[in-house]
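I opened my notebook to write down what I looked up here, entry by entry. Cavities come up first, then sheets, then a pocket.

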Amino acid sequence: MIPMDSLRPRATLGRVLDDLGTTLLALVHGTPDAAEHIGGVAIYDPLDSPDLPPGAVVLGVSLQGDEATIEALRDMGAKGASALVLRAPVTTSPEVAEAAAKAGIVVFALTRGAAWAQLVVMLRSLLTVDTVSQAEPGTLGGVPTGDLFALANAITALLDAPVTIEDRSSRLLAFSGRQDEADGPRVEAILGRQVPEETTQVYLDRGVFRALYRSDHPIWIDPDRLGLDQMPRTAIAVRAGDEVLGFIWATMRARPTDEQVQALVEGAKVVALHLLRARAGEDAESRLRSDLVATALEGGPEAREALARLGLADQPVVLLALEVLDSPVQDRSLAKDTSMEAVRRRLSDAFAVHLTALDPRSASALVGNIAYGLMPTSRHGADAENHAISIASEFLDRVRRYRAVVGVGPLAHTPDELAHSRTTAGRALRVLRAQNGGGPRAASLSHVHLEALLLELMDLADARGDAVSGPISQLIAYDAEHKSNLLDSLSAWFDAFGDVTEAATLLAIHPNTLRYRLRRISEICEVDLADPHTRLAMMVQLRMAKDRHGEE
């Protein structure tokens, strides 16, 4: 079993530096061992200083220069934050060091080549340990439930070699200290949270994974025989019955001794217990959060309690609704599960990380086919909506390989307003979905109000069984009989707001030709195109006719 003396305090800055130091973070100023437990992760915006949970680790993504850093440190100290992370290289002046000391803030530098998003995921992994431990106290194999980082360090102590714990898709779940003793590919894997694809492809081609799936004991991997420029590895599959949950990889210079083999075998059993417990906990937590978010969105008497349990009671929130339009053509990490449901889950998880990195109080969950995000804000009215749209657009830019859209609802102060915000966001989302990627990818109803009204008008017409009639139906019949294109000419004229010259340019015809066609339309349909009410009616009917033709 893993020795109890391998355990260390969880979710403290000292723990963060122990687990992420050298690879991701370097200490610049302060004493992390004396810090209190971390209360959350937030991004610092100098233009919109966020509310911070006590003991927050703050990411200074856009902070540049001593003056901005000192101002941020003062603000963070007043709000009870514990640490500030700046992009390396960081050279702190005496003034910055003094400000950090007065604020009681520890300053870290994020390693060059590492992404802020990677750091957020890593920190959230460490913070999750406290959540799991509170929900299910106790240990498994002498290690606090769910603490894979402590488990990796315990195995490292037994093997005297740096270790990683990975899932079946070679994504890193946790890693031990002493990674500076490993090689470049290992560091690259940790920075990217994923073993390089070229390495996994060699393992696949040369039968390494096949051997791991077939064996209950560790296998020795000689890089020279595989043509890889890296240190030797010893690996073992983590199993739960016949199911392989992941792998333990140790960077070792020599073949493992019998004692080390036994340590890996026992370690794999303990890792399996933690992964199974984590899977069960994640499923339960995901279901609970989905239920709470769904209840909050419904409004009514139970919504207030749901918002309270989500930590969002009595504060204004803006709602974002994410919908995936289709799956990417190829996603290697989803090779074993390429269903739309798997894609929705993945983007929903990524959406949650994105929102909580901006504000740790945010709550999000996949409800049906829509991932809803509730984000508290101090902004008002249209400013809150526009800010949410920019947040959604930034997320969609990061996941551009997926075709997805986000509808934003109006600011909500009460549960009933939140239910209305959901309906409003849904109306915007429907427009974005109907445009099928041909328009904006994120919008509030105010940006697509006319499009939403037209869709709803078509719903009403369809419910009544109304067909396209009047002047537009006459033009459709005339064009079909005479093989003309009067309808297209009218559409171009409408699109050009009645500007004959611009419409003629769009149609590549002479302006006089278009004027003649407009006179013919007036004669055939017996309408006055100078009348604004007539034009509005014809524009609506024309749009309905085009949409119905497109659906066919």
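**Entry 1: the largest cavity**

I sorted the lining of the largest cavity by residue type and got seven nonpolar, four polar and three charged residues. Worth jotting down before going on: this is a predicted model.

How much space lies in this cavity? I noted about 130 Å³ for the largest one. My search of the whole structure turned up four cavities of 30 Å³ or more.

Next I looked at who sits around the space. There are 14 lining residues, and Glu166, Val195, Thr199, Tyr203 and Arg233 are the ones nearest the centre. Strand S8 (163–167), helix H6 (184–192) and helix H7 (197–205) each put at least two residues into this lining. Which element gives the largest share? That is H6, with three residues.

**Entry 2: the sheet with S8 in it**

S8 had turned up in the cavity lining, and I wanted to see its neighbours. I found an open sheet of five strands, in the order S9-S8-S12-S11-S10, with antiparallel pairing. S9 and strand S10 (219–221) are at the edges with a single partner strand each, so one side of each has no neighbour in the sheet. From one strand to the next, the twist averages 25 degrees.

I then went pair by pair. S8 and strand S9 (residues 172–175) run antiparallel and share three bridges. Threonine 164 has phenylalanine 175, in S9, as its bridge partner. Four residues sit between the strands in the S8 and S9 hairpin, and there serine 170 has a positive phi near 65 degrees.

S11 and strand S12 (residues 243–251) are also antiparallel, joined by eight bridges. What stands opposite isoleucine 236? I found isoleucine 248 there, in S12.

I also checked what lies across this sheet. Helix H5 (residues 148–159) crosses S8, S9 and S12, and its direction is at about 55 degrees to S9.

**Entry 3: one arginine in S11**

I picked arginine 239, which is in strand S11 (residues 233–240). Where does its side chain reach? One spot is the backbone oxygen of leucine 212, at 3.0 Å. Another is the backbone oxygen of serine 215, which lies 2.9 Å from a polar atom of the arginine 239 side chain.

Then I listed what arginine 239 touches, leaving out residues up to four places away in sequence: Leu212, Tyr213, Arg214, Ser215, Asp216, Val244 and Ala272. Leucine 212 and serine 215, from the backbone oxygen notes, are both in that list.

**Entry 4: a second sheet**

Farther along the numbering I looked up another open sheet. Its five strands come in the order S14-S15-S13-S16-S17, and the pairing is mixed. Strand S14 (363–367) and strand S17 (442–444) are the edge strands, each pairing on one side only. Here the twist averages 20 degrees from one strand to the next.

Inside the sheet, strand S13 (residues 317–326) and strand S16 (residues 403–408) pair antiparallel over six bridges. Which residue is the bridge partner of leucine 322? I noted valine 406, in S16.

This sheet has a helix lying across it too. Helix H12 (residues 340–358) lies over S13, S14, strand S15 (370–376) and S16, and runs at about 150 degrees to S13.

**Entry 5: the second largest cavity**

Back to enclosed space. The second largest cavity holds about 90 Å³. Its lining includes Arg304, Leu307, Leu312, Asp314, Val317, His413, Pro415 and Leu418. Val317 belongs to S13 of the sheet in my last entry. Helix H11 (301–309) and helix H14 (415–435) each supply at least two of the lining residues. By type, I wrote down seven nonpolar, three polar and two charged.

**Entry 6: a pocket**

Last, I looked up the second largest pocket, which has a volume of about 350 Å³. It is lined by 13 residues, and closest to the centre are Leu454, Phe494, Asp495, Met539 and Arg543.

Which helix gives the most to this lining? H20 does, with six residues. Helix H15 (449–464), helix H17 (486–495) and helix H20 (532–551) each supply at least two. The split by type is eight nonpolar, one polar and four charged.

How values were computed:
Residues are numbered from 1 along each chain as its sequence is written. This is a predicted model: local features need pLDDT of at least 70, side-chain atom pairs count only at pLDDT 80 or more; totals for chains, interfaces and linings use all residues. Side-chain values use heavy atoms; hydrogens and water are left out. On a 1 Å grid over the protein atoms alone, a cavity is a set of points where a 1.4 Å probe fits but cannot get out, and a pocket is an open set with protein on both sides within 12 Å along at least five of seven lines; lining residues have an atom within 4 Å of a point. Grid points are joined across faces, edges and corners, and a volume is the space filled by probe spheres set on the points. Ala, Val, Leu, Ile, Met, Phe, Trp, Tyr, Cys and Pro count as nonpolar, Asp, Glu, Lys and Arg as charged, and the others, Gly among them, as polar. A polar contact is a pair of N or O atoms within 3.5 Å; within protein, one must be able to donate a hydrogen and the other to accept it, and residues adjacent in sequence count only if both atoms are side-chain atoms. Contact means heavy atoms within 4.5 Å. Two strands pair if DSSP finds at least two bridges between them. Axes are lines fitted to C-alpha atoms, for helices over the stretch in contact, and angles run from 0 to 180 degrees between N-to-C directions.
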